[in-house]
Structure formats: structure tokens, C-alpha cells
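Student: I have just opened this model and would like to go through its empty spaces and its ligand. Could we take them in turn?

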Amino acid sequence: MSKFLVDKFNSLTPYVPGEQPKERKYVKLNTNESPFPPSKKAVEYACREAQKVMRYSDPDVTDLVKALAKTYDVLPQNVIVTNGSDEVLNFAFMAYCNAQTPALFADITYGFYKVFASVNGIPYKEIPLKEDFTLDINDYLDKRGTIFIANPNAPTGIALSIDEIETLIKANPDRVVVVDEAYVDFGTESAVKLIKKYDNVLVTQTFSKSRSMAGARLGFGIGSKAIIDDLNRIRYSTNPYNVNRMSEYAGVGALEDAEYFENNCRTIIANREWTVGELKKLGFTTTDSKANFIFARCEHIDGKELYLKLKERGILVRHFNKAPIKDYNRITIGSMEEMQAYIDTVKTILEK
Ligand code: PMP
């Protein structure tokens, strides 16, 4: 840290992304990426746009906004596109939280929420999940603040039903409920349809997981026109060219290739169910994950030890060194070959 850094950032603890190792080739099951390449159409459109990068991208991201509106059956005025969904989430913290309206989120959830609150100087309250890692919406009904819910949650993969989400939105008409649907395409009902009924909901999604485009940094938010206008005020006051032209059109291509996307989601779900079955046979306990990852612990081996032994053998999963979840590993669902390699390696480790 330099002596020039202003005080408010002195005590900031930045977000720690999952490892992206370069020294060795791993079976990489640690950052919830897709094992499948992006759609061919996405690549074709991105290459075409690469020829035009001497020009700025479209600050209104018009073509992708239109394509998203069509895909999700909303109007273009209900959509904002951002540099990853992290950016739209940050905008929501900036737009809807302050000292009187703190951020409310679960104690075990996406680790970035805390950092978005801190970097913006926003107070936050972490609401404990139940012992089985499920979330009781009643814990959110009598509190004052802007609610952030990852649905399904990370790193547990546990989802709330659409009725529970609607109850939460209905019970809080005077504050915004942000539903972070980064993993929604792997088996959870989306809250997008609720934006037609309620003006206090913002749904965020991403191209990083189900659409195989983590490296393109493309996310989006869907909400009432007024909410999208708020977020665009912030976008235009920070970085109007937040989405580069290659990523915008890769996004358009990916949306045109619906069949490829749907097939990949189906494969991930099938691989997830297969892996859960195999882990259960080996004495693991898993949460009921509806995401592209599994959250699992084994009675016979400590979470950190298993993570380290897998890493030694070329398999990378995620371990969080934090009290109630330190016995667990979070394993991204990869291709069948990758999941087979993971299970075989776990077996070898347990046999020793
Ligand atoms: N929400 C959740 C719950 C996540 O796990 C992630 C990925 N780390 C994100 C949002 C952000 O993803 P991206 O910025 O790649 O869209």
C-alpha cells in the first residue's frame, strides 16, 4: 500500500478470486466456468467485431440489449448490460444502499457482496443461514435494507422457490430485492417474470457460466424501466463503454444459438447428478445443488486435506477456510471425462 492511498480504502479486504494457475495444467473444477467452448456463432461475431476495435463500442449496447429483451420476453428498457454481472451488482449496491438502507445478505453466500458494500462504504448485515445451509425468508421480512439473494446460492447451490422469492419481493415494497441468478440455468426457476408485477426487483444474470463466456465479461440486469434508468445513470457516470464490441456481439451470437446452450445446460445437470451419486457411494454428504457445482464433505477426510491432495494430483477444486464450511469442497461440474477423473482421484486418495 502506498502512503498516498486515501483512508477509506486502508481497511478494505479485496475479493479473492479462485486460483487461475499457469504453472501446470489442471483438471480445473474451481471457478464454476463451463467446460464447453463458447458457441461458434459467438466466436464468429466476436472475430468480426475485432476488426473494428479502432472505434468505440456502442454505449447503449443496443443490439445485445434487444437480443436479451427478446430472449427473456421483456422490453429493451428493462435491460442493462454490464462487464460481468459483478458490475451490475456493484451498481445495485451503489444505487440502493446507504447508511439508512444497509445491504442485507446471507452469512454464507457470494463473497463479493461484502466487498461491494465495503468499497462503497455501505453498512451491511449478514443474516445466518440455517444449520443445513437453507435460507429462511422469514429472517428477511422484518429487517430494513436492500436484500441481495443469490438464487441458487453460492457456494451451496441451494435454491429458493419462485414463490419464496415472490413473498420476499411482496413483503418489501419499499426496498429493492436483488436476485442474483448467476447459476439459474442449471435448474432453478427465474424471477425475471416478476419484473412485470413488481417495481422493486432487479434480477441479475451472466454469460459466464451456462453460456461459456467467463472470459468475455458479460452480465446483465433485468428490472423495471425506472430501476434500469437508475443503473444506467451510474454506468454513464463511471464507464459508458463498459462492454467491449467483441463481447457484445459474442453475446448476440450466443443468444442466437439457443440449442447449443440448452444442450450444454442439460449435460451439466446430468454430470452433476452422476457426480453426486458417485460421491454418495463414497460416503460424502452433499447439499441439494441446482448450480453447476457441488458442495460436498466427506466424513473420512478433512476438507482442506482433500483439496490439497486433489491439487497435488492435478485436480483443482475450491476450498473456503471459513468456520461452518471448512469441511466442504466446492466442485465445479465439468465434462464427463473431468468428473470421472475427479471421482477416480478421490477414490485413490480415500484408499490410501
Ligand atoms: N454471482 C455469483 C453468485 C457468482 O458466483 C458469480 C461468479 N463468481 C457472479 C455473480 C459474477 O459473475 P460474473 O461477473 O462472471 O458475471
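Tutor: Let us begin with the lining of the largest cavity, which by class has three nonpolar, four polar and two charged residues. Please keep in mind that this is a predicted model.

Student: Which residues line the largest cavity?

Tutor: The lining of the largest cavity is made up of S39, S210, R211, S212, A254, D257, Y260, F261 and N264.

Student: And which helix gives the largest share of that lining?

Tutor: Helix α8, residues 258-281, provides the largest share of the lining of the largest cavity, with three residues.

Student: What is the volume of the largest cavity?

Tutor: The volume of the largest cavity is about 60 Å³.

Student: How many cavities does a search of the whole structure find?

Tutor: Counting those of 30 Å³ or more, the search finds two cavities.

Student: Let us turn to pockets. What is the volume of the largest pocket?

Tutor: The largest pocket has a volume of about 1300 Å³. It is lined by 50 residues, and the closest to its centre are Y15, V16, Y110, G111 and R318. Two or more residues of the lining come from each of α3, β3 (103-106), α4 (112-119) and β4 (124-127).

Student: Which of the elements gives the most to that lining?

Tutor: That is α4, which contributes four residues to the lining of the largest pocket.

Student: How do the residues of that lining divide?

Tutor: The lining of the largest pocket divides into 23 nonpolar, 15 polar and twelve charged residues.

Student: Now the ligand. Where is the space taken by the ligand?

Tutor: The space that the ligand takes is the largest pocket.

Student: Which residues are around the ligand?

Tutor: Around the ligand are G84, S85, D86, L89, Y110, D180, A182, Y183, T206, S208, K209 and R217. This shell divides into four nonpolar, four polar and four charged residues. Helix α3, residues 85-96, gives the most to the shell, with three residues.

Student: What lies 2.7 Å from an oxygen atom of the ligand?

Tutor: One such atom is a backbone N or O atom of S85. An N or O atom in the side chain of R217 is also 2.7 Å from an oxygen atom of the ligand. For Y183, an N or O atom of the side chain is 2.6 Å from a ligand oxygen atom.

Student: How much of the ligand does the protein bury?

Tutor: Taken alone, the ligand exposes 410 Å², and the protein buries 90% of that.

Conventions:
Residues numbered from 1 in each chain as written. Predicted model: local features only at pLDDT ≥ 70, side-chain atom pairs only at ≥ 80, totals over all residues. Heavy atoms only, no water. Near = heavy atom within 4 Å. Polar contact = N/O pair within 3.5 Å; in protein donor to acceptor, adjacent residues only side chain to side chain. Areas by Shrake-Rupley, 256 points an atom, 1.4 Å probe, with all protein chains shown as cover. 1 Å grid on protein atoms, 1.4 Å probe; cavity = no way out; pocket = protein on both sides within 12 Å on 5 of 7 lines; lining within 4 Å. Sits in = over half its atoms within 2 Å of the grid points. Nonpolar A, V, L, I, M, F, W, Y, C, P; charged D, E, K, R; others polar. Points joined across faces, edges and corners; volume = space filled by probe spheres on them.
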